[in-house]
Every structure is written in structure tokens, then in C-alpha cells.
Amino acid sequence: MLSEEFEFSGVHYLAPENLGASNFGLMQESSMPAFNLNRLLNNFYDNSPHPFPQAVQEFPQQSTSLSNNSSTSDEAEENQLRIIDERKQRRMISNRESARRSRMRKQKHLDELWSQVVRLRNENHSLIDKLNHVSQCHDNVLQENARLKEEASDLRQMLTDLQIPTPSVDLLH
């Protein structure tokens, strides 16, 4: 059995070939209760062991109006889909905004870390300069201390060489 695809208000439906355009009009005008064609056809095809080929047959928009009950349920489904799409859209926008804020926080943190790196490098260079200066001063003090010790030693030697013997008590009597 072949199938045909019908489009009602932008929604595609698959129907068996014997439900062509001529029979469809009779079905609409008959005294049969309204039914959801989409649900019926989905159940039919879900339970079918063989997939049907998809032949496309398009009908003009004005010739495919369904009963009020079917239209109302389709509108309800469309409203639900629209609400779900709006929620998805809002969630997507919210997620994008959250990701943007997260990137901004990350960038701010990175900027703070880089400024801390620059500050610490400058402080490190300053401390190295101070250490070099103190080390140089220490070396100068050690050299001065060694020079002064040598000078003190030389002066002691000169004093020892210049010492005049003190008169002894025996000589005066």
C-alpha cells in the first residue's frame, strides 16, 4: 500500500493512498466526530511493520481547514511548542549571559594575576638591588675592617720598636 503526505497549516501528515484529496473532502463534511489525524496516523505508522514511501502531495492552505476541535487541539499543541521554544530561547540567552559573565570574571581574575606578577617582579628587582647594595657595603666594611686591623697591627709593632726602656730603680740609687 502506498502513502501520501498531506500538509495542514504547515504540518505534514502521511496518509494511505486511498485517503487522497477527493476522499479527504468527504471525510471533513461527514457527520463523523472530529479526531486528531496526526495522532491517528502516528499510531498507525508506529504499529506498522513496514515503512511507507513518502509521496508528497500539497494542498492549498484554504482548502485544508480542519474541524474546530482538531484546530483547537492543534493550536494548543502549537502554543505548548511555542512556550517550550520560548523557554529554550530564554534558557539559551540566560546561559549565554552566564557564560559571558563567567568569561568576564575569568578575564578580570587573569588581569589581577598579571598585575600581581608585574608588581611582584618589580618588588623582586628592587629587593635584588637592595641585596646587591647591602652585599657591596658588607664587602666594603670587611675590607675596611681588614685594613684597620692591619694598620692596628703595624702601629703596635711601631710602638714596640719605639719603646724606651724605663729607668729602673737600681740606676737611680
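User: Helices (H or I, at least four residues) and strands (E, at least two) are DSSP runs, numbered from the N terminus. How many helices and strands are there in the protein chain?

Analyst: This is a predicted model, in which local features need pLDDT of at least 70 and side-chain atom pairs count only at pLDDT 80 or more, while totals for chains, interfaces and linings use all residues. Residues are numbered from 1 along each chain as its sequence is written, and side-chain values use heavy atoms, with hydrogens and water left out. Along the sequence, the elements of the protein chain follow the pattern β-β-α-α-β-α-α. The count for the protein chain is 4 helices and 3 strands.

User: Of the contacts in the protein chain between residues at least 6 apart in sequence, what percentage joins residues at least 24 apart?

Analyst: A contact here means heavy atoms within 4.5 Å. Among pairs at least 6 apart in the protein chain, the share that joins residues at least 24 apart is 61%.

User: What percentage of the residues of the protein chain counts as buried?

Analyst: Burial is judged by relative accessible area: buried is under 20%, exposed is over 50%, and partly exposed lies in between (1.4 Å probe, protein chains only). The accessible surface of the protein chain comes to about 14800 Å², and 56% of that surface belongs to carbon and sulfur atoms. Of the 173 residues in the protein chain, the buried share is 12%.

User: Which residue forms a salt bridge with Glu123?

Analyst: A salt bridge requires a side-chain nitrogen of Lys or Arg within 4 Å of a carboxyl oxygen of Asp or Glu, and the structure holds 5 of them. Glu123 and its partner lie 4 residues apart in helix 3 and are therefore separated by about one helical turn from Arg119 to Glu123. Glu123 is partly exposed at 40% relative accessible area, as is Arg119 at 46%. With the closest N and O atoms 3.6 Å apart, the partner of Glu123 is Arg119.

User: How far apart are the closest N and O atoms in the salt bridge between Glu144 and Arg147?

Analyst: These two residues are 3 apart in helix 3, so about one helical turn separates Glu144 from Arg147. Glu144 is partly exposed at 35% relative accessibility, and Arg147 is partly exposed at 40%. The closest N and O atoms of Glu144 and Arg147 are separated by 2.4 Å.

User: Which side chain meets Glu151 in a salt bridge?

Analyst: Glu151 counts as partly exposed, with 38% relative accessibility. Its partner lies 4 residues away in helix 3, so Arg147 and Glu151 are about one helical turn apart. At 3.1 Å from N to O, the side chain that meets Glu151 is that of Arg147.

User: Which residues are linked with Glu97 in a network of salt bridges?

Analyst: The network contains Glu97 together with two arginines. The residues linked with Glu97 are Arg100 and Arg101.

User: Which residues gather with Arg90 in a patch of positive charge on the surface?

Analyst: Arg90 belongs to helix 3, which covers residues 68–162. Arg90 counts as exposed because its relative accessibility is 52%. The residues that gather with Arg90 in the positive patch are Arg87, Lys88 and Arg91.

User: What is the approximate area of the nonpolar surface patch made by Leu155, Met158 and Leu162?

Analyst: Leu155 lies in helix 3. Leu155 counts as partly exposed because its relative accessibility is 47%. Together, Leu155, Met158 and Leu162 make a nonpolar surface patch of about 320 Å².

Note on methods
Patch = residues over 30% accessible without salt bridge, like charges linked within 9 Å, V, L, I, M, F, W, Y side chains within 5 Å. Areas by Shrake-Rupley, 256 points an atom, 1.4 Å probe, with all protein chains shown as cover. Lys, Arg positive; Asp, Glu negative; His and termini not counted. Charge placed at Lys NZ, Arg CZ, Asp CG, Glu CD.
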